Amino acid sequence: MDNCIFCKIIAGDIPSMRVYEDEDCIAILDINPAAPGHTLVIPKKHYQDLFEMDEAMAGKLMMVAQEIGKRQMERLGAPGVNLVQNNGASAGQTVLHFHLHVIPRYENDGAMVLWDPTQPTMDDLKAICDKLA
Ligand code: 5GP
Ligand code: ZN
């Protein structure tokens, strides 16, 4: 797709550090990593987000993320790994070509701010559950 930075990276028009490639996807080092080794798993086909993607591709990319996470633990010595995947501007998506962040985590790296936990009542939870179930 025109004007998509990840399509340009896939085409080789913009350089990247590729740690993995197969017929469906690439995995590249993030240019502004949250922690050393932060990797993006990106399908070669342009899907805007998770909801444009077929189930088979979603499953395939998760398998690749598993492989990258294993390498981060075994080769970079990361004791933990976060998977992050943003859909939509309100969720923090800035590049509108699906990507799965695989972020190696090190003790006290300060790499990620998690959400502030809230305290809903059981009624609040039930109302949401009834909508989602
Ligand atoms: P989002 O906020 O959309 O989930 O994440 C986009 C990610 O893409 C960011 O972490 C950002 O650092 C990364 N990024 C943006 N442009 C480039 C680029 O040109 N090369 C690489 N390797 N990463 C990029
Ligand atoms: Zn694209």
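User: How many nonpolar, polar and charged residues does the lining of the largest pocket have?

Analyst: In this predicted model, the lining divides by class into 11 nonpolar, 8 polar and 1 charged residues.

User: How should one recognise such a space in a set of atoms, and how much space lies in the largest pocket?

Analyst: The general idea is that rolling a probe the size of a water molecule over the atoms shows where empty space is left. Here, about 380 Å³ of space lies in the largest pocket. Its lining comprises 20 residues, and those closest to the centre are Phe6, Leu29, Asp30, Ile31 and Leu40. The elements that give two or more residues to this lining are H1 and S2. The largest share, 3 residues, comes from H1.

User: Where does ligand 1 sit?

Analyst: Ligand 1 sits in the largest pocket. Two elements, helix H1 (5–11) and strand S2 (25–29), give two or more residues to the shell around the ligand. Of these, H1 gives the most, with 3 residues.

User: Which residues of the shell are the closest to ligand 1?

Analyst: The shell holds 16 residues, of which Asp30, Gly92, Thr94, His99 and His101 are the closest. Sorted by class, the shell has 8 nonpolar, 7 polar and 1 charged residues.

User: How does one read polar contacts, and which atoms of ligand 1 lie 2.8 Å from a polar side-chain atom of His101?

Analyst: One looks for pairs of N or O atoms within 3.5 Å. With Ile31, a polar backbone atom lies 3.3 Å from a nitrogen atom of the ligand. With Val95, a polar backbone atom lies 3.0 Å from an oxygen atom of the ligand. With His101, a polar side-chain atom is 2.8 Å from an oxygen atom of the ligand.

User: How much of the area that ligand 1 exposes when taken alone does the protein bury?

Analyst: Taken alone, ligand 1 exposes 520 Å², and the protein buries 83% of that area.

User: What pattern does the chain follow when read along the sequence?

Analyst: One begins with the count of elements, which comes to 3 helices and 5 strands. Along the sequence, these follow the pattern α-β-β-β-α-β-β-α. As for extent, the C-alpha atoms of the chain fill a box of roughly 50 × 35 × 25 Å along the principal axes.

Notes
Residues numbered from 1 in each chain as written. Chains lettered and ligands numbered in written order. Predicted model: local features only at pLDDT ≥ 70, side-chain atom pairs only at ≥ 80, totals over all residues. Heavy atoms only, no water. Near = heavy atom within 4 Å. Polar contact = N/O pair within 3.5 Å; in protein donor to acceptor, adjacent residues only side chain to side chain. Areas by Shrake-Rupley, 256 points an atom, 1.4 Å probe, with all protein chains shown as cover. 1 Å grid on protein atoms, 1.4 Å probe; cavity = no way out; pocket = protein on both sides within 12 Å on 5 of 7 lines; lining within 4 Å. Sits in = over half its atoms within 2 Å of the grid points. Helix = DSSP H or I, 4+ residues; strand = E, 2+ residues; numbered from the N terminus. Nonpolar A, V, L, I, M, F, W, Y, C, P; charged D, E, K, R; others polar. Points joined across faces, edges and corners; volume = space filled by probe spheres on them.
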